[in-house]
Amino acid sequence: MKKPIAQSLGMNGKKLAHQIFVRYIKSSGKRVDWNKIAEESFENFGKEGREPAIFGDVLSVLSNNSLFVVNMKIAQLNIQWETVVGNMIAQHSYVESYNDGVIIIRAQSNAWATNLEYMKDTLLKKIQEELNGLTVSKIIISGPKSSHFQENAKKRK
């Protein structure tokens, strides 16, 4: 049988309970009154120094974020995928991910993956032309995962 926690810590049981519950009691007084905050916000709306940021400023901050730019470039590549690889191949493949200059392309079958392997150098050049500003040093072609391809194929239609 295990000893009570107070004994294993070498403390008096009443003092241990007191120490634990004093923390809860102190933190309960620090609760945020959201109604009060909402009321103050409503009253201060439109006052000096409370103007919303200009939308263009927000967009410029987002566009300077490198992760945002990379994701936008990959989305752009997925949108232009048919023009990059052609209609037939685009129906049987998609760009799965991008990480540190490496693009992973997923094919519907191993046959389509082999076809893309033969086109890898041409694809690399074309992707570098289409996605100016995104560093692509390597392309990895991968065959299908179990039902993963069908889910993404449904999203593309």
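The following questions and answers concern a predicted model.

Reader: Which strands pair with E2, and in which sense does each pair run?
Author: Strand E2 (102-107) is joined to strand E1 (93-99) by six bridges in the antiparallel sense. Within this pairing, Ser 93 stands opposite Ala 107. Five bridges join E2 to E3, and here Arg 106 stands opposite Ser 142. The partners of E2 are therefore E1, antiparallel, and E3, parallel.

Reader: Which residue in the hairpin of E1 and E2 takes a positive phi?
Author: The hairpin has two residues between the strands. The positive phi, near 50°, belongs to Asp 100.

Reader: How many salt bridges are there, and which one involves strands E1 and E2?
Author: The count comes to two salt bridges. One of them joins the side chains of Glu 117 and Lys 120 at 3.2 Å, N to O. The other is formed by Arg 106 and Glu 96 at 3.0 Å, N to O. Arg 106 lies in strand E2 and Glu 96 in strand E1, so parts 10 residues apart in sequence are tied together by the pair Arg 106 and Glu 96.

Reader: Is Arg 106 buried or exposed, and how does Glu 96 count?
Author: A residue is buried when its relative accessible area is under 20%. Arg 106 has 7%, so Arg 106 is buried. Glu 96 has 25% and therefore counts as partly exposed.

Reader: How do Glu 117 and Lys 120 count in relative accessibility?
Author: Partly exposed residues fall between the buried limit of 20% and the exposed limit of 50%. Glu 117 stands at 37% and Lys 120 at 25%. Because both values fall in that range, Glu 117 is partly exposed, and Lys 120 is likewise partly exposed.

Reader: How many residues has the largest nonpolar core, and with which residues is Leu 77 in contact?
Author: The largest nonpolar core has 22 residues, and those with the most contacts inside it include Leu 77, Trp 81 and Ile 103. At least two residues each come from several elements, among them H5, helix H9 (120-130) and strand E3 (138-142). Leaving aside neighbours within four places in sequence, Leu 77 is in contact with Val 84, Val 95, Ile 103, Ile 127 and Leu 131.

Reader: Which helices give two or more residues to the nonpolar surface patch?
Author: The patch, of about 450 Å², is made by Val 58, Leu 59, Leu 62, Phe 68, Val 69 and Met 72. Val 58 lies in helix H4 and is partly exposed, with a relative accessible area of 39%. The elements that give two or more residues are helix H4 (55-64) and helix H5 (66-79).

Methods
Residues numbered from 1 in each chain as written. Predicted model: local features only at pLDDT ≥ 70, side-chain atom pairs only at ≥ 80, totals over all residues. Heavy atoms only, no water. Patch = residues over 30% accessible without salt bridge, like charges linked within 9 Å, V, L, I, M, F, W, Y side chains within 5 Å. Areas by Shrake-Rupley, 256 points an atom, 1.4 Å probe, with all protein chains shown as cover. Salt bridge = Lys/Arg side-chain N within 4 Å of Asp/Glu carboxyl O. Helix = DSSP H or I, 4+ residues; strand = E, 2+ residues; numbered from the N terminus. Buried < 20%, exposed > 50% of the residue type's maximum accessible area, 1.4 Å probe, protein only. Core = buried A, V, L, I, M, F, W, Y, C linked by side-chain atoms within 4.5 Å. Contact = heavy atoms within 4.5 Å.
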